[in-house]
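Open the structure in your viewer and keep the selection tool at hand. Each stop below names what to select and what is there.

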Amino acid sequence: MKKITKVLTLLLFVASLTAMTSCKKVDKNLIVGQWKCVAATITQYGQTTPYNPAVGVVWEFKSDGTLIAELAPEIDIEFPTASYVISGNQLTISYLDDDGDLEHEIYTINELTQTKLKIKENEYDFDDDCLTLEFNKL
């Protein structure tokens, strides 16, 4: 019985460590400011290609949780003004769509430093389609 308890305790410990390292926490304050998209790719059906409509777009994250986004006509990101929340390594952007419905886009923050932001949005839970955006701070 003691042996089973020790094994279970060890397994729970390993599972806890795995959970903690897979969802790294980022410094929320680093995102405040203006960011210019310098690279973007879209992955569909396993093929990654440049997504040029996003390059050059400027997003401004304000300390009050507001996001102002400059949009290119072809880009599939619909919010000019939105709110954002960072939890762990997840960036959630909320905005009203053209019909007045509240929409949410969830990005994984892969990198956030004082000068660089790299985020990834998975469009579907069941495959690897995603949009990856890289920004430099202005």
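Among contacts in the protein between residues at least 6 apart in sequence, what percentage join residues at least 24 apart? The figure is 39%.

**Stop 1: the whole chain**

Start with everything shown. This is a predicted model. Colour it by pLDDT. The protein averages 79, and 72% of the residues score at least 70. Now show the secondary structure. The protein has one helix and nine strands. Along the sequence, the helix comes before the strands, in the pattern α-β-β-β-β-β-β-β-β-β. Turn on the surface. Its accessible area is about 8900 Å², and carbon and sulfur atoms hold 55% of that. Of the 138 residues, 31% are buried.

**Stop 2: the ends of the confidence scale**

Select helix α1, residues 2-22. Confidence is lowest here, at a mean of 35. Extend the selection to residues 1-22. pLDDT stays under 50 throughout, and the model has one contact beyond four places in sequence for this stretch. Then jump to strand β9, residues 130-137. Confidence is highest there, at a mean of 95.

**Stop 3: the nonpolar core**

How many residues are in the largest nonpolar core? It has 27, and Trp59, Leu91 and Leu133 have the most contacts inside it. Several strands give two or more residues to this core, including β4 (66-69), β6 (90-96) and β7 (102-112). Strand β1 gives the most, with four residues.

Select Leu91 and look around it. Set aside its neighbours within four places in sequence. Leu91 then has contacts that include Ile31, Phe61, Tyr84, Tyr107 and Ile119. Val85, Ile86 and Ile109 are also among them.

**Stop 4: the aromatic rings**

Next, show the aromatic side chains. There are four aromatic pairs. Pick Trp59 and Phe61. Their ring centres are 6.1 Å apart and their planes meet at 65°, so this pair is edge-to-face. Both residues are buried.

Keep Phe61 and add Tyr84. Here the centres are 5.0 Å apart and the planes stand at 90°, so this pair is edge-to-face as well. The two rings link distant parts of the chain: Phe61 is in strand β3 (residues 58-61) and Tyr84 in strand β5 (residues 81-87), 23 residues apart. Phe61 has a relative accessible area of 1%. Tyr84 is at 10%, so Tyr84 counts as buried too.

Now add Tyr107 and Phe135. Ring pairs link these two with Trp59, Phe61 and Tyr84 into a cluster.

**Stop 5: the salt bridges**

Side chains of opposite charge can pair when their charged atoms come close. How many salt bridges does a search of the whole structure find? It finds two.

Select Lys116 and Glu134. Their closest N and O atoms are 4.0 Å apart. Lys116 is in strand β8 and Glu134 in strand β9, 18 residues apart. Add Lys118. Its side chain meets Glu134 in a salt bridge, also listed at 4.0 Å, N to O. Lys118 is in strand β8, 16 residues from Glu134. Shared partners join Lys116, Lys118 and Glu134 into one network.

Are these side chains buried, partly exposed or exposed? Lys116 is partly exposed at 28%, Glu134 at 22% and Lys118 at 26%.

**Stop 6: an unusual backbone angle**

Finish at Tyr45, in the loop between β1 and β2 (47-50). Most residues other than glycine have a negative phi. Tyr45 is not a glycine, yet its phi is positive, at about 55°. Tyr45 is exposed, with a relative accessible area of 72%.

Conventions: Residues numbered from 1 in each chain as written. Predicted model: local features only at pLDDT ≥ 70, side-chain atom pairs only at ≥ 80, totals over all residues. Heavy atoms only, no water. pLDDT = per-residue confidence, 0-100. Contact = heavy atoms within 4.5 Å. Phe/Tyr/Trp six-rings, centres within 6.5 Å; stacked < 30°, edge-to-face > 60°. Buried < 20%, exposed > 50% of the residue type's maximum accessible area, 1.4 Å probe, protein only. Core = buried A, V, L, I, M, F, W, Y, C linked by side-chain atoms within 4.5 Å. Areas by Shrake-Rupley, 256 points an atom, 1.4 Å probe, with all protein chains shown as cover.
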